Amino acid sequence: MSDSDSGAEPPEAPTLYDAAGGMAFFERLVGRFYEGVAQDEVLSALYPEAPDFTGARHRLTLFLAQYWGGPTTYNEERGHPKLRMRHFPFTVGPLQRDHWLKHMTEAVRASGADEAIQEALLDYFVKAAEHMRNDTGLPITSATYPR
């Protein structure tokens, strides 16, 4: 008798959140990322709370955990992410995007996650970093991360 015959739902595939190690993984990832940001004059200048990144660290951790299938605490605390709107007050051009990607790539590569998880994260981060660009300068460039 199959699961559909018994009325039972087939087991769900694990989320990236679960496969990566849950909240502890995202806390370490974001912690490592902000270690780089704290040393980066281009990025740290964008954070009103610098040099204390506690709030930003908390928000990014919750957002990433939720995005990858974890608890919905981010939405409960902040509502819809509205990422472009939240980043609009800060100039995010190719320079800022590339610095952000550099530190996030380093954090992902140092995370110890298996290669498939790293690639999924980095593919998302490249697209998200480009999406956050709000400058009007030309030419339009493409974000990449070191493979």
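**Exercise 1.** Classify E106 by its relative accessible area, and then find the partner with which its side chain forms a salt bridge.

*Solution.* E106 has a relative accessible area of 37%, so it is partly exposed, a class that lies between buried (under 20%) and exposed (over 50%), with a 1.4 Å probe and protein chains only as cover. Before going on, note that this is a predicted model, in which local features need pLDDT of at least 70 and side-chain atom pairs count only at pLDDT 80 or more, while totals for chains, interfaces and linings use all residues. Residues are numbered from 1 along each chain as its sequence is written, and side-chain values use heavy atoms, with hydrogens and water left out.

The partner of E106 is K102, and the N to O distance of this salt bridge is 3.2 Å; the term requires a side-chain nitrogen of Lys or Arg within 4 Å of a carboxyl oxygen of Asp or Glu. Both residues belong to helix α8, where four residues, about one turn of the helix, separate them. K102 is also partly exposed, at 43%. Side chains of opposite charge can pair when their charged atoms come close.

**Exercise 2.** Which residues meet R109 through a salt bridge and through a polar contact?

*Solution.* The salt bridge is made with E119, the closest N and O atoms being 3.2 Å apart. Because E119 lies in helix α9 and R109 in helix α8, the pair ties together parts that are 10 residues apart in sequence. E119 is buried at 17% relative accessible area, whereas R109 is partly exposed at 29%. Elsewhere, salt bridges with shared partners connect R97, D98, E130, R133 and D135 in one network.

The polar contact, of 2.8 Å, joins the side chains of R109 and Q118; such a contact is a pair of N or O atoms within 3.5 Å, where within protein one must be able to donate a hydrogen and the other to accept it, and residues adjacent in sequence count only if both atoms are side-chain atoms. Q118 sits in helix α9, which covers residues 115-131, and at 8% relative accessibility Q118 counts as buried. Beyond its neighbours within four places in sequence, Q118 is in contact (heavy atoms within 4.5 Å) with V108, R109, S111 and A113.

**Exercise 3.** Describe helix α5 by its span, its buried residues and its place in the largest nonpolar core.

*Solution.* The protein has nine helices and zero strands, where helices (H or I, at least four residues) and strands (E, at least two) are DSSP runs numbered from the N terminus. Helix α5 has 14 residues and reaches 20 Å from its first C-alpha to its last, close to the 20 Å expected, a figure that comes from 1.5 Å times one less than the number of residues.

Its buried residues are A56, L60, T61, L62, F63, L64, A65 and Q66. The largest nonpolar core, a set of buried Ala, Val, Leu, Ile, Met, Phe, Trp, Tyr and Cys residues joined through side-chain atoms within 4.5 Å, has 36 residues, and L64 is among those with the most contacts inside it. Helix α5 is one of the elements that give two or more residues to this core, and α3 and α9 are also among them. Leaving aside neighbours within four places in sequence, L64 is in contact with F26, L29, V30, Y124 and F125.
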